[in-house]
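Here is a guided look at one protein chain, written for someone who would rather think at the bench than at the terminal. Have the structure open and follow along residue by residue.

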Amino acid sequence: MNGSLAANQALLTGILEGLAQQPPACQVAVAVPAPYLAQVQQIVAGSAIALGAQDVSQHASGAFTGEVSAGMLNDFGVRYVLVGHSERRQYHGETDAVVAAKAKA
């Protein structure tokens with residue numbers, strides 16, 4: 001739960017400037033909290049930075065308040081998602097089965 005509109009703008013501007021000075025020898029992605037997907041999508045559009053999200057639901061749709069589906073992330077052009085993160089496992093009790101379902105989604 002880090003970031004703000006201003007902090008995201010500053011961080012990504014710096015990353016983009018760095019990449020312009022030295023093109024990456026690898027793929028570069030940023031995984032941002034869901035509320036900032038639209039902002040970051042606009043900032044990284046047309047750049048070498050791919051858009052990622054910090055979580056995805058194992059469910060495609062339904063009454064899962066607060067969850068974000070893979071389809072919703074796809075609408076933003078998200079190519080990567082973090083699953084199996086230790087914080088999600090520890091604080092949200094995500095099991096291997098849940099992580100596998102999220103990865104499959």
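Alanine 20 sits in helix α1. In this predicted model, alanine 20 has a relative accessibility of 66% and counts as exposed, since the cut-off for exposed is over 50%. If you pick its C-alpha atom and that of glutamine 58, you will find 37 Å between them, with 38 residues separating the two along the chain.

**The chain as a whole**

Step back for a moment to take in the overall layout. The protein chain contains 5 helices and 3 strands, and read from the N terminus the order of elements is α-β-α-β-α-β-α-α. Its C-alpha trace spans about 45 × 25 × 20 Å along the principal axes. Of the 105 residues in the protein chain, 25% are buried. Contacts across the sequence are also worth a look: among those between residues at least 6 apart, 56% join residues at least 24 apart.

**Helix α2 and its buried side**

Which residues of helix α2 are buried? In this helix, covering residues 37-44, they are Leu37, Gln39, Val40, Ile43 and Val44. These buried residues lie on the same side of α2, because the arc they cover around the axis is only 160°. The cover over them includes α1 (5-21), β1 (28-32), β2 (49-53) and α3 (70-75). Following α2 comes glycine 46, which has a positive phi, near 75°.

Leucine 37 is a good residue to zoom in on. It belongs to helix α2 and is buried, with a relative accessible area of 2%. Setting aside neighbours within four places in sequence, leucine 37 is in contact with Val32, Leu51, Gly52, Leu73, Phe76 and Val78. Take the last of these partners: leucine 37 and valine 78 are 41 residues apart in sequence, yet their C-alpha atoms are 8.5 Å apart in space.

**How α1 meets α2**

Two packed helices are described by the angle between their axes and the distance between the axes. For α1 and α2, the axes come within 11 Å and cross at roughly 25°. That angle makes α1 roughly parallel to α2, as angles under 35 degrees count as roughly parallel. The crossing of these two helices, α1 and α2, is right-handed. On the α1 side the contact is made by Leu5, Asn8, Gln9, Leu12 and Leu16, and on the α2 side by Gln39, Val40, Ile43 and Val44. Sorted by class, the contact of α1 with α2 has 6 nonpolar, 3 polar and no charged residues.

Two of the residues in this contact deserve a closer look. Glutamine 39, in helix α2, counts as buried at 15% relative accessibility. Not counting residues up to four places away in sequence, glutamine 39 touches Ser4, Leu5, Asn8 and Gln9. Across from it, asparagine 8 is part of helix α1 and is buried too, with a relative accessible area of 11%. With neighbours within four places left aside, asparagine 8 is in contact with Gly3, Tyr36 and Gln39.

**Out at the exposed positions**

Is glycine 66 buried or exposed? Glycine 66 is exposed, with a relative accessible area of 71%, and its place is the loop between β2 and α3. From glycine 66 to aspartate 55 is 11 Å, C-alpha to C-alpha, and the two are 11 residues apart in sequence.

Alanine 105 lies in the segment after α5 (96-104). It is partly exposed, with a relative accessible area of 48%. Leaving out residues up to four places away in sequence, alanine 105 touches Ser57, Gln58 and Ala70. Glutamine 39 is 66 residues away from alanine 105 along the chain, and their C-alpha atoms are separated by 24 Å.

**Accessibility side by side**

For quick reference, here are the residues discussed above.

| Residue | Relative accessible area | State |
|---|---|---|
| Leucine 37 | 2% | buried |
| Asparagine 8 | 11% | buried |
| Glutamine 39 | 15% | buried |
| Alanine 105 | 48% | partly exposed |
| Alanine 20 | 66% | exposed |
| Glycine 66 | 71% | exposed |

Notes: Residues numbered from 1 in each chain as written. Predicted model: local features only at pLDDT ≥ 70, side-chain atom pairs only at ≥ 80, totals over all residues. Heavy atoms only, no water. Buried < 20%, exposed > 50% of the residue type's maximum accessible area, 1.4 Å probe, protein only. Helix = DSSP H or I, 4+ residues; strand = E, 2+ residues; numbered from the N terminus. Arc of directions from axis to C-beta. Contact = heavy atoms within 4.5 Å. Axes fitted to C-alpha atoms, helices over the stretch in contact; angles between N-to-C directions. Parallel < 35°, antiparallel > 145°, perpendicular 65-115°, else oblique. Left-handed = near helix turned anticlockwise from the far one by under 90°. Nonpolar A, V, L, I, M, F, W, Y, C, P; charged D, E, K, R; others polar.
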